[in-house]
Amino acid sequence: MNIVSIIFPLLFLVLLGYLLTNRKFFTETQIAGISKFTFYVSIPAFLFLNMLAAPLSQSLNIHALLAFYVPVLILYGLGFGLNRLFAPESLRTTRASGVFALGASYSNTVLVGLPIIIAALGQDMLGKVFMIITFHSALLFALTFILAAKGQAQGFSWRQFGRSMCLNPVVLSILLGLLANAVGLVLPQQLQAGLKLLAQPALACALFVLGANLSFYRIGNDWRMALLASLLKLLLLPALVYLCGHGVFALPADSVAMLVLLSASPLGVNAYLIATQLQSHQGTLATCVVLSTLLSVLSFSFWLWLLL
């Protein structure tokens with residue numbers, strides 16, 4: 001019953017977004033507007049305020065970073081190798097293998113991981129969560145772009161990549177909150193109240209938009225590779241994180257639970273956008289977004305049952 005009480009409100013918002021959009025109550029243009037408000041205004045305000053209030057001395061843990069990112073990199077390498085072996089001949093290139101590896105290891109930490117962790121473990125874990133996800137997109141996107149640029153004349157531009165990461169609203173809001181926290185910045189009461197109002201609908205909007213966006217994707221002919229990526233992402237990655245956090249670094253139970261739930265999150269939509277940009281495995285990752293989101297209900301149920 002406790003697991004149902006954690007998952008149902010979140011699933012309700014996702015299903016509501018999907019059904020209202022699928023039934024044309026909201027158009028794709030309207031959802032794009034809600035999505036823009038969510039990701040460029042509400043979520044950054046939420047992340048900034050929580051990072052500003054986070055106890056930094058208790059949040060930064062090198063062992064927790066290693067327990068999360070070592071398995072992520074292992075899964076990335078495994079996904080790269082499996083694509084070389086099992087993908088159609090035309091998709092066994094270094095570029096396509098990097099994109100598939102991204103699909104097998106990249107987690108939807110903000111839209112799905114955060115709400116699950118808050119519901120299961122409480123707001124006190126947010127500082128630790130933000131310390132983990134700060135490097136998430138930068139690391140995996142950099143790896144994918146470097147592999148895609150291998151053998152090309154223009155190569156990989158660190159300047160362009162760094163600029164795009166620093167201007168990413170999620171990364172920027174966390175970094176600004178971290179900096180403000182480090183220097184002891186105290187916001188004027190009126191400004192803080194305004195930001196809190198903006199932050200209140202962040203997670204609800206994020207889940208609603210996630211469900212709405214699922215109505216735009218379809219499970220197509222690439223379902224076999226998408227299923228493989230989804231199983232790697234939802235089964236193997238959290239298992240490796242659990243073994244690493246619990247068995248190798250002996251982290252506290254709440255930290256292990258936080259890391260496992262982050263890693264058990266489905267594939268993030270941003271990975272599909274990278275696939276589209278690199279013109280590789282677009283159908284696979286679009287299908288994986290849908291499949292992994294649906295299957296994550298079972299994955300989260302199992303890990304919540306095991307960890308709580």
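Helices are DSSP runs of type H or I with at least four residues, and strands are E runs of at least two, numbered from the N terminus. Axes are lines fitted to C-alpha atoms, for helices over the stretch in contact, and angles run from 0 to 180 degrees between N-to-C directions. The model is predicted, with local features requiring pLDDT of at least 70 and side-chain atom pairs counting only at pLDDT 80 or more, while totals for chains, interfaces and linings use all residues. Residues are numbered from 1 along each chain as its sequence is written, and side-chain values use heavy atoms, with hydrogens and water left out.

**Stop one: H8 and H9**

Select residues 136-149, helix H8, together with residues 158-166, helix H9. Their axes come within 11 Å and cross at roughly 150 degrees. That angle makes H8 roughly antiparallel to H9; angles under 35 degrees count as roughly parallel, over 145 as roughly antiparallel, 65 to 115 as roughly perpendicular and the rest as oblique. The crossing of H8 and H9 is right-handed (the near helix is turned clockwise from the far one by less than a right angle; anticlockwise would be left-handed).

Now display the side chains. Ser-137, Ala-138, Phe-141, Ala-142, Phe-145 and Ile-146 of H8 meet Trp-158, Phe-161 and Met-165 of H9, contact meaning heavy atoms within 4.5 Å. By class, these residues of the contact of H8 with H9 are eight nonpolar, one polar and no charged. Here Ala, Val, Leu, Ile, Met, Phe, Trp, Tyr, Cys and Pro count as nonpolar, Asp, Glu, Lys and Arg as charged, and the others, Gly among them, as polar.

**Stop two: the largest pocket**

Keep Phe-141 selected and add Asn-168, Asn-270, Leu-273 and Ile-274; of the 46 residues lining the largest pocket, these five lie nearest its centre. A pocket is an open set of points on a 1 Å grid over the protein atoms alone, where a 1.4 Å probe fits, with protein on both sides within 12 Å along at least five of seven lines; lining residues have an atom within 4 Å of a point. The space in the largest pocket is about 1300 Å³, a volume being the space filled by probe spheres set on grid points joined across faces, edges and corners.

Colour H2 (28-53), H6, H8, H9, H10 (169-182) and H15 (269-278), the elements that each give two or more residues to this lining. H2 supplies the largest share, seven residues. The lining of the largest pocket comprises 25 nonpolar, 18 polar and three charged residues.

**Stop three: H6 with its neighbours**

Select H6 (residues 109-121) and H12 (residues 202-214), which pack at about 130 degrees with their axes 9 Å apart. H6 and H12 are therefore oblique to each other, and their crossing is left-handed. Val-110, Leu-111, Val-112, Leu-114, Pro-115 and Ile-118 of H6 touch Leu-203, Ala-206, Leu-207 and Leu-210 of H12. The contact of H6 with H12 has 10 nonpolar, no polar and no charged residues.

Next add H7 (residues 126-133), whose axis comes within 11 Å of that of H6 and crosses it at roughly 155 degrees. H6 and H7 are therefore roughly antiparallel, in a right-handed crossing.

**Stop four: the second largest pocket**

Finally, select Leu-11, Val-14, Thr-293, Ser-296 and Val-297, which lie nearest the centre of the second largest pocket among its 18 lining residues. This pocket holds about 320 Å³ of space. H1 (2-22), H6, H12 and H16 (282-307) each supply at least two lining residues.
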